[in-house]
Amino acid sequence: QISWTPLLLLGYLFYLLLGAVVFQLLEKQTETHFRDQFQLEKLNFLQNYTCLDRQALEKFVQVLTEAWEKGVNPEGNSTNPSNWDFSNSFFFAGTVVTTIGYGNLSPSTVAGQIFCVFYALFGVPLNLAFLNQLGKGLNAHLLILERWVQKPGRAQVWLAIFLTTGTLLFLVFPPLVFSYVEGWSYGEGFYFTFITLSTIGFGDYVVGTNPNKPYIPVYRSLTAIWIVFGLAWLALIFNVGADLMEKFLQLKGHKSDLSLAEGASTKLEDEPEQPRIHIPS
């Protein structure tokens, strides 16, 4: 029998190498441009403000970087809304248990960090159990639809309706809302939507963090609820894709086994019968 595990491993490594090469080609030159532009801006700043020296400017840049790492937006002033009010804390708790982890906000106190560890320790399995149960409920509804629809082909129609509805609710319409509220383009909103629901969570785009935008208090809480149901839907889609890929590999392996068996059988049939030699006792 042919084992597809080594081929799958090679394909997986090839896919990672392909991604590394493409990302390097697409992003490295732009990063170099931004780095050079930033250094030029620092030089221009020192030339315009001669009361500062390079050491003082570097220290101020470090202060800005540390503030950003602590979740404090350098833009605006001290009247910016807190990152740890109830709505934002609810949103952060959701990013912890769903393992999204944007990285733009994290506990800064030792007590908060310890609590976050134990909160995730019990919250992540609870979230997986909830998403699993929610996925079973969606699968059950699909089975009910298949049983209710008797004519052949109707089940595929209902499956297409299910996929289309989920795509509209979780991938197509939300970017429109984010574009309107956050001021992003539709492409940026769609990028944030997929990166969030796939739990990749880079943190380059996060809702409700612009200090110049007037957000409603429950905006991030509603977004957290949308994320939970979107995770369940997209996880179901990913599971279906993984099952199809596994069945495809198993089918290939089964066909290879059948070909080997048929080849061996044909070889036996084509071979002429060997003469039997009788050796008298």
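The following legends describe close-up views of a predicted model.

**Figure 1. The whole chain is built from helices, with no strands.** Seven helices make up the secondary structure of the chain, and from the N terminus the elements run α-α-α-α-α-α-α. Of the 281 residues, 22% count as buried. The chain exposes about 20,700 Å², of which carbon and sulfur atoms supply 67%. Among contacts between residues at least 6 apart in sequence, 58% join residues at least 24 apart.

**Figure 2. Two of the segments annotated as transmembrane regions are shown as helices.** The unreviewed UniProt entry places the feature "transmembrane region" at several stretches, including residues 6–26 and 219–242. Residues 6–26 are 100% helix, and their end C-alpha atoms lie 30 Å apart. Residues 219–242 are likewise 100% helix, with end C-alpha atoms 34 Å apart.

**Figure 3. Arginine 220 is a buried residue without a salt bridge.** Arginine 220 belongs to helix α7, which covers residues 219–270. The nearest side chain of opposite charge, that of aspartate 85, is 6.5 Å away. A salt bridge requires a side-chain nitrogen of Lys or Arg within 4 Å of a carboxyl oxygen of Asp or Glu. The side chain of arginine 220 instead makes a polar contact of 2.9 Å with the side chain of asparagine 88. Leaving aside residues up to four places away in sequence, arginine 220 touches Ser87, Asn88, Phe91, Val206, Val207, Gly208 and Thr209.

**Figure 4. Arginine 35 and glutamate 31 form a salt bridge within helix α1.** Side chains of opposite charge can pair when their charged atoms come close. In the pair shown here, the closest N and O atoms of arginine 35 and glutamate 31 are 3.0 Å apart. The two residues are separated by about one helical turn because they stand four residues apart in helix α1 (residues 5–48). Arginine 35 is partly exposed, with a relative accessible area of 44%, and glutamate 31 is partly exposed at 42%.

**Figure 5. Lys42, Arg54 and Glu58 are linked in a network of salt bridges.** Glutamate 58 pairs with lysine 42, their closest N and O atoms being 2.6 Å apart. This pair links distant parts of the chain, since glutamate 58 lies in helix α2 (residues 54–69) and lysine 42 in helix α1, 16 residues apart. Lysine 42 is buried, with a relative accessible area of 9%, whereas glutamate 58 is partly exposed at 31%. Glutamate 58 also forms a salt bridge with arginine 54, with closest N and O atoms 3.9 Å apart. Arginine 54 and glutamate 58 are four residues apart in helix α2, which means that about one helical turn separates them. Arginine 54 is partly exposed, with a relative accessible area of 41%.

Methods. Residues numbered from 1 in each chain as written. Predicted model: local features only at pLDDT ≥ 70, side-chain atom pairs only at ≥ 80, totals over all residues. Heavy atoms only, no water. UniProt positions renumbered as here; feature names shortened; annotations may be inferred. Buried < 20%, exposed > 50% of the residue type's maximum accessible area, 1.4 Å probe, protein only. Lys, Arg positive; Asp, Glu negative; His and termini not counted. Polar contact = N/O pair within 3.5 Å; in protein donor to acceptor, adjacent residues only side chain to side chain. Contact = heavy atoms within 4.5 Å. Areas by Shrake-Rupley, 256 points an atom, 1.4 Å probe, with all protein chains shown as cover.
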